[in-house]
Amino acid sequence: MLAPVRTWHIFAALVLLHGTGMLFAPDPLAPLIAGSVYLPLMPLQRLGVPVFASGESGGWPGPSLLGWATVVIAWGVTWSLVARLTAGLWRRCGTSA
């Protein structure tokens, strides 16, 4: 029998993996990690929302406080949905055996 899985365990693991990847990204994963920050912000920038801090010319501007809040919320919602789906599938597989 499979051990009961709680959604928040899966959510915490996904957030921990993403956060660890952002802090300690090896060079081959750096573009992927940077994309995970900038991708949710690009559509909002097109709408005129100030999600990027004023940056030096010629470089990528860093996210503003609103930008970081947007990134945290976007990935929090994404990982929450993935955790719910995974836990639901896990429970279904555990009860069908």
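A residue is counted as buried when its relative accessible area is under 20%, as exposed when that value is over 50%, and as partly exposed in between. In the predicted model described here, 21% of the 97 residues of the protein count as buried by this criterion. The protein has 4 helices and 0 strands, and its elements, followed from the N terminus, run α-α-α-α. Among the contacts in the protein with a separation of 6 or more, 56% are accounted for by residues 24 or more positions apart.

Helix H1 comprises the 17 residues from 7 to 23, and at 1.5 Å a residue it should span 24 Å; the C-alpha atoms at its ends are indeed 24 Å apart, so the expected and computed values agree. The buried residues of H1 include Ile10, Leu14, His18 and Gly21. These residues cover an arc of only 65 degrees around the axis, which means that they sit on the same side of H1. The face of H1 turned away from this buried side carries Trp8, Leu16 and Leu23, which are exposed.

The largest pocket of the model has a volume of about 200 Å³. Its lining is made up of Val15, His18, Gly19, Met22, Trp68, Val71, Val72, Trp75, Gly76 and Trp79. The elements that contribute two or more residues to this lining are H1 and helix H4, the latter running over residues 65–96. The largest share, 6 residues, comes from H4. In chemical terms, the lining of the largest pocket divides into 7 nonpolar residues, 3 polar residues and no charged ones. His18 thus appears in two descriptions, since it is one of the buried residues of H1 and also one of the residues that line the largest pocket.

His18 appears again in the surroundings of Ser36, a residue of helix H2, which covers residues 30–38. Ser36 has a relative accessibility of 8%, and because this value is under 20%, the residue counts as buried. When its neighbours within four places in sequence are left aside, Ser36 is in contact with His18, Val71 and Trp75. These three contact partners of Ser36 are also listed in the lining of the largest pocket.

Helix H4 offers several further residues for closer description. Thr70 is found in this helix, and with a relative accessibility of 18% it falls under the cut-off of 20% and therefore counts as buried. Apart from its neighbours within four places in sequence, Thr70 is in contact with Leu41, Leu44 and Val51. Ile73 also lies in helix H4, but its relative accessibility is 55%, which is over 50%, so Ile73 counts as exposed. The C-alpha atom of Ile73 is separated by 9.9 Å from that of Pro40, although the two residues are 33 residues apart along the chain.

Thr78, likewise placed in helix H4, has a relative accessibility of 31%; because this value lies between 20% and 50%, Thr78 counts as partly exposed. Thr78 and Phe11 are 67 residues apart in sequence, while the distance between them in space is 9.6 Å from C-alpha to C-alpha. Helix H4 therefore includes a buried residue, Thr70, an exposed residue, Ile73, and a partly exposed residue, Thr78.

Definitions and conventions:
Residues are numbered from 1 along each chain as its sequence is written. This is a predicted model: local features need pLDDT of at least 70, side-chain atom pairs count only at pLDDT 80 or more; totals for chains, interfaces and linings use all residues. Side-chain values use heavy atoms; hydrogens and water are left out. The expected span of a helix is 1.5 Å times one less than its number of residues. Buried means under 20% relative accessible area, exposed over 50%, partly exposed in between (1.4 Å probe, protein chains only). The arc is that of the directions from the helix axis to the C-beta atoms. On a 1 Å grid over the protein atoms alone, a cavity is a set of points where a 1.4 Å probe fits but cannot get out, and a pocket is an open set with protein on both sides within 12 Å along at least five of seven lines; lining residues have an atom within 4 Å of a point. Grid points are joined across faces, edges and corners, and a volume is the space filled by probe spheres set on the points. Ala, Val, Leu, Ile, Met, Phe, Trp, Tyr, Cys and Pro count as nonpolar, Asp, Glu, Lys and Arg as charged, and the others, Gly among them, as polar. Contact means heavy atoms within 4.5 Å.
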